[in-house]
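Visitor: I am new to this structure and would be grateful for a close look at a single part of it. Please set that part in its wider surroundings as well.

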Amino acid sequence: GWFYHKAQDGKAKSADSLLNLYYKSTGRGACLDLGLEPDQRGMLNDDDVQKLKEFGNMLKATFAVNLAKGATLKASNVRGRNFAKFGPAHLLDNDRYSYWATDDKVKTPELILDLHKPKSFNVMRLRENIKLGQRIDEVAVDAWQNGKWQQVASATSIGGNRLIRLDQSIKTSKVRLRVTKAPVCIALSDFGLFEEIKFPPPVVHSP
């Protein structure tokens, strides 16, 4: 509710529920409204605070390490063959607005990330350089499994931030990103791979 009600104490959404909401909101380029309200003391309920801490710890731990860092990237096309300005290496830097771009006529390029060794992950992050508009309509992601490419995910509407969460972790040494639909050439600024980390709920001891 918009206001504090004592009868709702202890009924806040769990950290797992908040994480699900995070992927469905922030993970799709929207905002996550936590709807917090102070009690009569002007403070947040202790239970709310504890669950928010659990949720925050999950996010920090999950996105602390981009498993794609250090990968060798091979793009099917680079705009004007200008790798310094438009090459795929920009996907792994920390600049939200540096980007991999393709020639005007290349709207469905592919990108291969060679991780050099098998790594386990279940979350992928894609970001476009939103200053240049939303350009990508659909993508697919493949993993190298048993000597061949196997599609493990697809998504639409990338925009400023798109998180793709798999049902379970996969382990692979190579990942392929395919842009399958775009009205214009792409301007992709980020590609991340992450392993979701959860913590067991705290043990509550009776006084």
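Is Ser 157 buried, partly exposed or exposed, and what is its relative accessible area?

Guide: Ser 157 is partly exposed, and its relative accessible area is 39%. The model under discussion is a predicted one, and the description below starts from this serine and then moves outward.

Ser 157 is located in the loop that runs between strand S5 (148-156) and strand S6 (162-181). Its backbone deserves attention: phi is positive there, at about 50 degrees, although the residue is not a glycine. In general, residues other than glycine mostly have a negative phi. A second residue with this feature is Arg 81, which is not a glycine either and has a positive phi of about 55 degrees. Arg 81 belongs to the loop between strand S1 (72-75) and helix H3 (83-86). With a relative accessible area of 66%, Arg 81 is exposed, whereas Ser 157 is partly exposed.

From Ser 157 the path leads to Arg 162, since the serine is among the residues that Arg 162 touches beyond four places in sequence. Arg 162 is part of strand S6. Its relative accessible area is 13%, and because buried means under 20%, Arg 162 counts as buried. Besides Ser 157, Arg 162 touches Ala 155 and Thr 156, together with Met 124, Arg 125 and Leu 126, and also Gly 27 and Arg 28. The contact with Gly 27 spans a long stretch of sequence: Arg 162 and Gly 27 stand 135 residues apart along the chain, yet their C-alpha atoms are 5.0 Å apart in space.

The chain as a whole gives this local picture its setting. The secondary structure consists of three helices and seven strands. Read from the N terminus, their order is α-α-β-α-β-β-β-β-β-β. Of the contacts in the chain with a separation of 6 or more, 76% are between residues 24 or more positions apart. Of the 207 residues, 41% are buried. Along the principal axes, the C-alpha atoms occupy a box of roughly 65 × 35 × 25 Å. The accessible surface amounts to about 11800 Å², and carbon and sulfur atoms contribute 51% of this surface. The chain carries 32 positive and 23 negative charges, whose mean positions lie 6 Å apart.

Leu 67 offers another case of residues distant in sequence that meet in space. This leucine is in the loop between H2 and S1. Its C-alpha atom is 5.2 Å from that of Leu 193, although 126 residues separate the two in sequence. Beyond its neighbours within four places, Leu 67 contacts Leu 193, Phe 194 and Glu 195, as well as Leu 115, Lys 119, Ser 120 and Phe 121.

Phe 194 leads on to the aromatic rings. The whole structure holds six aromatic pairs. One of them joins Tyr 22 and Phe 63 in a tilted arrangement, 6.5 Å from centre to centre and with 55 degrees between the planes. These two rings connect distant parts of the chain, with Tyr 22 in helix H1 (residues 15-24) and Phe 63 in the loop between helix H2 (46-62) and S1, 41 residues apart. Tyr 22 is buried, at 17% relative accessibility. A further pair, Trp 144 with Trp 149, is edge-to-face: the centres are 5.2 Å apart and the planes form an angle of 75 degrees. Trp 144 is partly exposed at 29% relative accessible area, and Trp 149 is partly exposed at 23%. Ring pairs also link Tyr 22, Tyr 23, Phe 55, Phe 63 and Phe 194 into a cluster.

Charged side chains meet some of the rings. Lys 174 has its charged end over the ring of Trp 144, at 4.3 Å from the centre. Lys 131 is placed over the face of Tyr 97, 4.1 Å from the ring centre.

Tyr 97 also appears in the surroundings of Asn 129, a residue in the loop between strand S3 (110-128) and strand S4 (138-145). Apart from neighbours within four places, Asn 129 has contacts with Arg 96, Tyr 97, Tyr 99, Ala 187 and Ser 189. Asn 129 is buried, with a relative accessible area of 4%. Ser 157, where this account began, likewise belongs to a loop, but the serine is partly exposed.

Notes
Residues numbered from 1 in each chain as written. Predicted model: local features only at pLDDT ≥ 70, side-chain atom pairs only at ≥ 80, totals over all residues. Heavy atoms only, no water. Helix = DSSP H or I, 4+ residues; strand = E, 2+ residues; numbered from the N terminus. Buried < 20%, exposed > 50% of the residue type's maximum accessible area, 1.4 Å probe, protein only. Contact = heavy atoms within 4.5 Å. Areas by Shrake-Rupley, 256 points an atom, 1.4 Å probe, with all protein chains shown as cover. Lys, Arg positive; Asp, Glu negative; His and termini not counted. Charge placed at Lys NZ, Arg CZ, Asp CG, Glu CD. Phe/Tyr/Trp six-rings, centres within 6.5 Å; stacked < 30°, edge-to-face > 60°. Lys NZ or Arg CZ within 6 Å of the ring centre and 35° of its normal.
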